[in-house]
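Welcome, and thanks for taking a look at this protein. Please have the sequence and the 3D view open side by side as you read.

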Amino acid sequence: MKIKAPAQSADMSDDKAARDSSTGDMPISGAMANAEMASGAMGSGKTANAEIDSGQASSAVSAYNIKDGDLGAEGTARETSRETTRETGSTRNRQIYKVAVPLPLGRGQIIAYDYLGPADFESHSPVPHSPESNSSESNSSESNSSESGNTELDNADSDIGDMSYLKSDEAESDGAESDEAESDNLESENTGSNSIKYAGMRAKDHMANDDTARSAIAVGQLVEVPVGMRLLWGVIISVQERADIEIKKLKPIHQISELPALDQRNLDFLEQVAGWTVAPFGAVLRMMLSVPSACLPAPTEQVFHVPETSQRDALKLQPLSAARQRVLQFLDQAPPLPAAVISRETGTATSTIKAMYLAGQLSSWHQSKPDQLPEMYLSKTDLSLTDAQSEIAIGMGKALDNFQVHLLDGVTGSGKTEVYFQAVRQALAAGQQILILLPEIALTKSFQDRFESWFGTPPFVWHSSVTASRKRAIWRAAISGTPMVVVGARSALFLPFSKLGLIVVDEEHDAAFKQEDQVIYQARDMAVLRAKTSDIPVILSSATPSLESWANMQQGRYRHWQLTHRFGAAELPKLQTIDLRQQAPERGKWLSQPLVQAIEATLEAGDQTLLYLNRRGYAPMAICASCGDRRICYQCDSLLVTHRLVGRQICHQCGTAQPVQKDCSACGEADSMQLVGPGVERLAEEVLTRFPEARFTIFSSDALAGKAAADESLRAIIDGEVDIIIGTQMAAKGHHFPDLTLVGVVDGDLGLQGGDLRGAERTFQMLMQVAGRAGRGQKPGRALIQTSAPDHPVITALQAGDRDMFFAQELQARQAAQMPPYGRLAALILTDTQLSRLQEVAQALAKAIPAFETVYIFGPAPAPIAQIRGRHRVRFLISAPRHVDIQRILKDWTDQVKLPSATRLQIDIDPYNFL
């Protein structure tokens, strides 16, 4: 018998009605409009206590929920005190701190700690210090944790392995914590998020007044705690007082960070992300505590200065060398400085400076080494805006006081960046922090130069290639509230900003904002969520908005600002299609005759051409002409892509590389392997043959080894040192090439085949974006698209230049099928190294599938790519109406099945990847 799924649970209807009446509906991208219901504690204004309903408790819950004086599920916590009264069970009131630690997916997250005095702390056995150990977990540490009395739990032994915060049914339904906890539970006591800073305090060194130190620790405080045989940085999520608890059941806080505590907005954001993605709080926290070394005290350096006046008189009587005299004269007019700086300024060896110190001729002390971050300032030059840009900038500037989503919609080259720069300037002038998200690292250099030209100061850049010391400085500045503009990839969204005033998501439609591993999330949606949590504005900028954002704009959730013309005298490129059915390239070639002629004309005019093909490498497939065997990765069900530049065949799933083979390993036929299809390297080979005098470059992630190479390639293109750019999607996003007048799309049908829900949308966006690279300077541009399906709705809409028509058609099809943004999808991905074990788990989940009317669960089925990195993969797909709390369904369903420790479960809300 099927049970009808309510819009939410019955007790959530009042909450939804109240929310709808007050805000009209939560204006969050895509299906995020129901995020408050999914997280369970969103908008509560409190930090969760990790307390649970007694009917949900398992044998392991006591490690998280302090009951009956027992914190450990196994009762193996080691002795932590030498005091006799505590060993026998003292009735003295003690502060108990629950600390969330950043552990990987599938592990318990919350541990109870006690802040001990000097004698207590010294009685503990030493724990190896590893401040960077957050970044990885070893199997040995997992096994050690239970032996050492640690209270974090493996997912296989607990109901709460996949969510750190559990609330009663009533609390989840209300979207906030219940005010009434069980009588034997501890009651959270939020003492504030920014109380007292301790400069690198360690308990054994600075606990002369135990009570004073206890009162200094607040919710949100960053603390270093023992986890297994290591020390990890975590965050206090509750401060509680308990008398009937044995001290040996607790662990000591090892160190308090000197930094301010994470404020409540940061904690609320992390909790809501965990609720929306159905991920453990600790795994989400791990993304924010991504630079654990930043929590440590600032490093110190020795500085030297001239002694006091009485000593200076004695120095005058000493015979000094010329070098020593230069040092004294320089320092007499300078502040205390490190030896290296003094050496550089005076031309004196550092050994001489140290010898002067040993001789008493210089004094010295150690001081904190300042973070090497330049101060951000505003230039006096105002932005030069057109009338249309100014009108939008002024209107948007009046709506930057609180939460509002602004969809900045403008054709390519219309000057959207300058419009939101005006909003950035306004926020920075108010002493706030600003975050600008970009989809690609390669964009940051050109964007940084553009920013500096308008502001007179560069932004702070955040992505995987930034040095560890720079990241540490930016992270500390973010949590300290330093006014700043951070430009970065999606990971920058989880910086611990304490004065965040504006978020901008540039190219908001881009699929690169979707994180596909660990915690799976859509950075655009989470940016809107963070803005709502902090009650600040967020600007989504794009020439081809996502359908989710477009639908939200049509329904009044987003405020729409539109630029319909390019900046200055620049015009939109003329777009034409080349029907490959009638004008096919020569055999073994990939460029049709009309495109070849257009390239020749562009070269004669001294302008640049971009040839776009979204296939890396030389050829996407190697197949035996004798037996038909294809070269496949040995640990993935993925074709090996041939890369001739490095002489390897590479798996684009796991990165495994193998030598290029001409002989078939299946049938043994010699020299039978044929390369099928073009990649950018093969296209470059044709360009070299057809246009031997032309200067060309391959603009793809494979050809550009690192950010420095990408920056150099961009410089060469902008300076006119390149005639033909052969690029993947890296070349299609946000770049401004003033001399580029021709874009040639080699395969316009790529992405239109198959059953990808967003295939047509992504292809339209990509082709429109790449065509928009042409004609951005003084000369007009044009775009030629080679296609075998000129009648496809995507191609006809592009040729007609009617974007809105395509959006209307695509949204109508989505609504008829109840697909996002009108319906909700979620994916469950199970992986394991053993196929038989994976199948058993999948069948167990299949037997536990809940039955709801209008909610459909498909699977289990092998994933289209059934194996990646040696792990077999099985998928479930869940489809539900937009108003259904799909996170609650997933949580209740997956909690019914105990997963083996080797089996991993990932939940993908609103999946982009169906492979």
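Here is a short tour, from the whole chain down to single residues.

The model you are viewing is predicted. The protein has 915 residues, and 56% of them count as buried. Its secondary structure comprises 28 helices and 35 strands. Among contacts with a separation of 6 or more, 78% join residues that are 24 or more positions apart.

**Nonpolar cores**

- The largest nonpolar core holds 141 residues. Trp475, Val486 and Ile878 have the most contacts inside this core.
- Val486 is a good place to zoom in. Setting aside residues up to four places away in sequence, Val486 touches Ile434, Leu435, Ile436, Phe460, Trp462, Ile474, Ala492, Leu495 and Phe497.
- There is also a second, separate core of 27 residues, and among its members are Ala393, Val419, Ile434 and Phe451.

**Helix H15 and its cover**

- Helix H15 spans residues 387-397, and its buried residues are Gln389, Ile392, Ala393, Gly395, Met396 and Gly397.
- What lies over these buried residues? The cover includes two strands that follow one another in numbering, E18 (537-542) and E19 (559-563), along with strand E11 (404-410) and helix H16 (416-429).
- Ala393 links two parts of this tour: it is a buried residue of H15 and also belongs to the second core.

**Helices H24 and H25**

- Helix H24 (residues 759-771) packs with helix H25 (residues 793-800) at an angle of about 30°, and their axes are 10 Å apart.
- Angles under 35 degrees count as roughly parallel, and H24 and H25 are therefore roughly parallel to each other.
- Their crossing is right-handed.
- On the H24 side the contact is made by Ala760, Thr763, Phe764, Leu767 and Met768, while H25 supplies Val794, Ile795, Ala797 and Leu798.
- By class, eight of these contact residues are nonpolar, one is polar and none is charged.
- As a general point, an α-helix has 3.6 residues a turn, so residues three or four places apart point the same way.

**Helices H9 and H19**

- Helix H9 (residues 264-277) and helix H19 (residues 523-534) meet at an angle of about 140°, with 9 Å between their axes.
- That angle makes H9 oblique to H19.
- The crossing of H9 and H19 is right-handed.
- Which residues meet here? From H9 they are Arg265, Asn266, Asp268, Phe269, Gln272, Val273 and Trp276, and from H19 they are Met526, Leu529, Arg530, Thr533 and Ser534.
- The contact of H9 with H19 is made up of five nonpolar, four polar and three charged residues.

**Backbone details to look for**

- Most residues other than glycine have a negative phi, and most peptide bonds are trans. The bullets below pick out some exceptions.
- Pro820 and Pro821 are joined by a cis peptide bond, with omega about 10°. Pro821 sits in the loop between helix H26 (803-817) and strand E31 (823-832).
- Another cis peptide bond runs from Gly859 to Pro860, where omega is near 10°. Pro860 is part of strand E33 (residues 856-868).
- Glu507 is not a glycine, yet its phi is positive, at about 55°. You will find Glu507 in the loop between strand E15 (500-506) and strand E16 (514-515).
- Is Glu507 buried or exposed? Its relative accessible area is 10%, so Glu507 counts as buried.
- Gln818 also has a positive phi, near 55°, without being a glycine. Gln818 lies in the loop between H26 and E31, and it is partly exposed, with a relative accessible area of 38%.

**A loop residue, Gln661**

- Gln661 belongs to the loop between strand E25 (657-659) and strand E26 (673-676).
- With a relative accessible area of 32%, Gln661 is partly exposed.
- Which residues is Gln661 in contact with, beyond its neighbours within four places in sequence? They are Arg631, Gln649 and Met673.
- Gln661 and Gln674 are 13 residues apart in sequence, and the distance between their C-alpha atoms is 9.8 Å.

Notes
Residues numbered from 1 in each chain as written. Predicted model: local features only at pLDDT ≥ 70, side-chain atom pairs only at ≥ 80, totals over all residues. Heavy atoms only, no water. Axes fitted to C-alpha atoms, helices over the stretch in contact; angles between N-to-C directions. Helix = DSSP H or I, 4+ residues; strand = E, 2+ residues; numbered from the N terminus. Parallel < 35°, antiparallel > 145°, perpendicular 65-115°, else oblique. Left-handed = near helix turned anticlockwise from the far one by under 90°. Contact = heavy atoms within 4.5 Å. Nonpolar A, V, L, I, M, F, W, Y, C, P; charged D, E, K, R; others polar. Core = buried A, V, L, I, M, F, W, Y, C linked by side-chain atoms within 4.5 Å. Buried < 20%, exposed > 50% of the residue type's maximum accessible area, 1.4 Å probe, protein only.
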